[in-house]
Amino acid sequence: MSTYESALLRLLDERGYIHQLTDAAGLDALAARQIVPGYVGFDATAPSLHVGSLVQIMMLRRLQQTGHKPIVLMGGGTTRIGDPTGRDQSRKMLDDETIEANVQSIFTVFNKLLKFGDGPTDAVMVNNQDWLGKLGYIELLQEIGTHFTINRMLTFDSVRLRLEREQPMTFLEFNYMILQGYDFRYLSKEFDVRLQMGGSDQWGNIVNGIELGRRMDGVELFGLTTPLLTTASGAKMGKTAAGAVWLNEDQLPSYDFWQYWRNVDDADVGRFLRLFTDLPLDEIARLEALQGAEINAAKIVLANEVTALVRGPDAAARAEATARETFTGSGAGEDLPTLATGPEGMRIAALLTNIGLTASNGEAKRKIAEGAVRLEGETITDPAHLVLPGEGETLRLSLGKKRHALVKR
């Protein structure tokens, strides 16, 4: 590991957040002598962010923990355009009311992980619609457009890969990197922001903003990206067969969120404890060294710590209790996903999908054919099996050994 003078870069380095830095020595010296306001941008395309965004949120938390100022940038303006990075298709347009509702919903998670206020290191949330929405088109072209060349823009992965795949890219999307660069420049002027952080796929956009600030204002800005986050199996972080692992309770029950972390690959436990919890590094090293069945104890610690941060300590305690009752007791924990069939009952394939254990009826039928579905411990082999609980009765539905739900009338 590199030796840094500042507590900020030492912490980010020790816990595995750093992939690329535009000027490591310059940022280290700045962070060692003064408070550094730094930001990460998040678009508001849904009512919740998912686990794939959690590493960026935790970087803002680390910024605050080491005495610096986190700026949460909500892309109320850029959400109207859509970041083309890593996408083959244009993003669906959202109306103003939906975007604003999404911003308010997303804030609830940030409010648990950061301290907001008016102090020098208190977090603030800003919305780029506040300044992008006021930019006139001619003004944008004159003031900002002259600092970007088409030649350079065509070399960025977000554009080049789309063109190589012969997928259409709208002029609207082509402007995204210009507006993101303008965000960095605006935040440096209005909030004295010196650092932009993001995933490794944002490197080109971050560098654009740094160059724009230097050309227009002569200010020295810095960029830092995290490694591309995948699981040990190579899967993209935050995605499962059943869908996205959402951070907000409204989009995913806390028990399912807890189970996601409880079921991670053995090889991911130490890395995830460093990135997603506040546990001391020596304690993480001890947990990471556990072998065989003992590693499950470390996974429970991981699940409890992350769920407590994102959903609150009560949610973590309930989820662990539910898991304990479900797997070791005769009862079914109260925090399991629950669905009422109604007086007519429901076919088991539809039930599996409606309750969220499978992503589609087709997947449900495949799981039933594989013998992976059990109702009250009995394997169900007929996808048309009618599930009809009695009055006041609760049935336990299981998919494999680790996923369970409750069915009531």
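In the predicted model, Arg-396 of strand 14 lies opposite Leu-406 of strand 15. These two strands are antiparallel and share six bridges. Strand 15 covers residues 403–408, and strand 14 covers residues 394–399. Strand 14 also pairs with strand 11, residues 373–375. Three bridges link that pair, again in antiparallel fashion. Here Val-373 stands opposite Leu-399 of strand 14.

Another part of the chain holds an open sheet of six strands. Their order is 1-6-5-2-3-4, and the pairing is mixed. Strand 1 (20–21) and strand 4 (124–127) stand at the edges. Each has a single partner strand, so one side of each lacks a neighbour in the sheet. Strand 5 (residues 195–199) and strand 6 (residues 222–226) run parallel and are joined by five bridges. Gly-199 has Thr-226 of strand 6 as its bridge partner. Helix 11, residues 203–217, packs on this sheet. The helix touches strand 1, strand 5 and strand 6. Its direction makes about 170 degrees with that of strand 6.

Nonpolar residues were also examined. The largest nonpolar core contains 68 residues. Those with the most contacts inside this core are Phe-42, Leu-54, Phe-110, Leu-247, Phe-257, Trp-261 and Phe-276. Beyond its neighbours within four places in sequence, Leu-54 is in contact with Leu-113, Leu-247, Trp-261, Phe-276, Val-306 and Val-310. A second core is separate and has 23 residues. Among them are Trp-131, Phe-148, Met-177 and Ile-210. Ile-210 falls within the residue range of helix 11, 203–217.

Conventions
Residues numbered from 1 in each chain as written. Predicted model: local features only at pLDDT ≥ 70, side-chain atom pairs only at ≥ 80, totals over all residues. Heavy atoms only, no water. Pairing = 2+ DSSP bridges. Helix = DSSP H or I, 4+ residues; strand = E, 2+ residues; numbered from the N terminus. Contact = heavy atoms within 4.5 Å. Axes fitted to C-alpha atoms, helices over the stretch in contact; angles between N-to-C directions. Core = buried A, V, L, I, M, F, W, Y, C linked by side-chain atoms within 4.5 Å. Buried < 20%, exposed > 50% of the residue type's maximum accessible area, 1.4 Å probe, protein only.
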